[in-house]
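Let's take a walk through this one together. Have the sequence and the model open side by side, and we'll go from the inside out.

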Amino acid sequence: MPMTRTTINFLLDCALFLVFVTIAFCAVVLRFVFPPATSAAQWTLWGASYDDWAQFEFAILCLFTLAVLVHVMLHWTWICGVVSNRLTEWRQTPSRIDEASRTVYGVGLLILVVNIVGVSIAVAALTIQPPPY
């Protein structure tokens, strides 16, 4: 059976769903099954400590992020089209935007989102407070 674009999208969507459910499960375990992190020393669930579960959750989150990026790549033309159409409506210009401009708008949006996330992480890292002694 050939791997059509539809089959690839279906398999990727199934993988995204399973990874999302795994992240949600880990989050619920860490939040409601274990005691708070400051009290969870020596507690284990299925042979894994709180820290092991948190590291697993982060690894699954990274896998989820990678799968979302692949999903966005597979739908890039559609995303660029939607962004450019919305910008056209917002600017109230009746003309159609060519594919190169659509790509520029899509890349610009992606750069904006990545920068907002990066700046937010940098601000958090620079303003975290240690506990008082």
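What follows starts with confidence, then moves to the core, the loops and the surface.

Keep in mind that this is a predicted model. The protein's mean pLDDT is 88, and 96% of the residues reach 70 or more. Confidence does vary from element to element: strand 1, residues 44–45, has the highest mean at 95, while helix 3, residues 76–91, has the lowest at 77. We'll come back to helix 3 further down.

Now for the inside. Which residues make up the largest nonpolar core? There are nine of them: C26, V29, L30, F34, A40, L45, A48, Y50 and W53. Two elements give two or more residues to this core, namely helix 1 (5–33) and helix 2 (50–74). Helix 1 has the largest share, with three residues.

V29 is a good place to get your bearings. This valine sits in helix 1 and counts as buried because its relative accessibility is just 3%, against a cut-off of 20%. Setting aside residues up to four places away in sequence, V29 touches F34, L45 and W53, and each of those partners belongs to the same core list. Take the pair V29 and L45: they are 16 residues apart along the chain, and their C-alpha atoms are separated by 9.1 Å.

Y50 is another core member worth clicking on. Again leaving out residues up to four places away, Y50 touches L30, F34, P35, A37, A40 and W43. Among these, L30, F34 and A40 are on the core list as well.

Go back to helix 1 and look for N9, which lies in that helix. Is N9 buried or exposed? N9 is buried, because its relative accessible area of 16% falls under the 20% cut-off. Beyond its neighbours within four places in sequence, N9 is in contact with L74 and H75.

Next, a couple of backbone oddities. Most residues other than glycine have a negative phi. Q42 has a positive one, near 75°, and W46 also has a positive value, near 55°. Where do they sit? Q42 is in the loop between helix 1 and strand 1, whereas W46 is in the loop between strand 1 and strand 2 (48–49). Q42 counts as exposed because its relative accessibility is 79%, with the cut-off at 50%. W46, at 68%, counts as exposed by that cut-off too.

That brings us back to helix 3 and a bit of charge pairing. Side chains of opposite charge can pair when their charged atoms come close. How many salt bridges does the count come to? The count is one, and the partners are R86 and E89, whose closest N and O atoms are 3.6 Å apart. These two are three residues apart in helix 3, so about one helical turn separates them. R86 and E89 are both exposed.

Last stop: the outside of the model. A nonpolar surface patch of about 540 Å² is made by L109, L112, V113, I116, V117 and I121. Pick V117 from that set; this residue is found in helix 4 (residues 99–127). V117 is partly exposed, because its relative accessible area is 45%, which lies between the 20% and 50% cut-offs.

Key:
Residues are numbered from 1 along each chain as its sequence is written. This is a predicted model: local features need pLDDT of at least 70, side-chain atom pairs count only at pLDDT 80 or more; totals for chains, interfaces and linings use all residues. Side-chain values use heavy atoms; hydrogens and water are left out. A nonpolar core is a set of buried Ala, Val, Leu, Ile, Met, Phe, Trp, Tyr and Cys residues joined through side-chain atoms within 4.5 Å. Buried means under 20% relative accessible area, exposed over 50%, partly exposed in between (1.4 Å probe, protein chains only). Helices (H or I, at least four residues) and strands (E, at least two) are DSSP runs, numbered from the N terminus. Contact means heavy atoms within 4.5 Å. pLDDT is the predictor's confidence in each residue, from 0 to 100. Patches are made of residues with over 30% relative accessible area and no salt bridge: like charges are joined within 9 Å, nonpolar side chains (Val, Leu, Ile, Met, Phe, Trp, Tyr) within 5 Å. Accessible areas come from the Shrake-Rupley method with a 1.4 Å probe; for residues, only the protein chains shown count as cover. A salt bridge is a side-chain nitrogen of Lys or Arg within 4 Å of a carboxyl oxygen of Asp or Glu.
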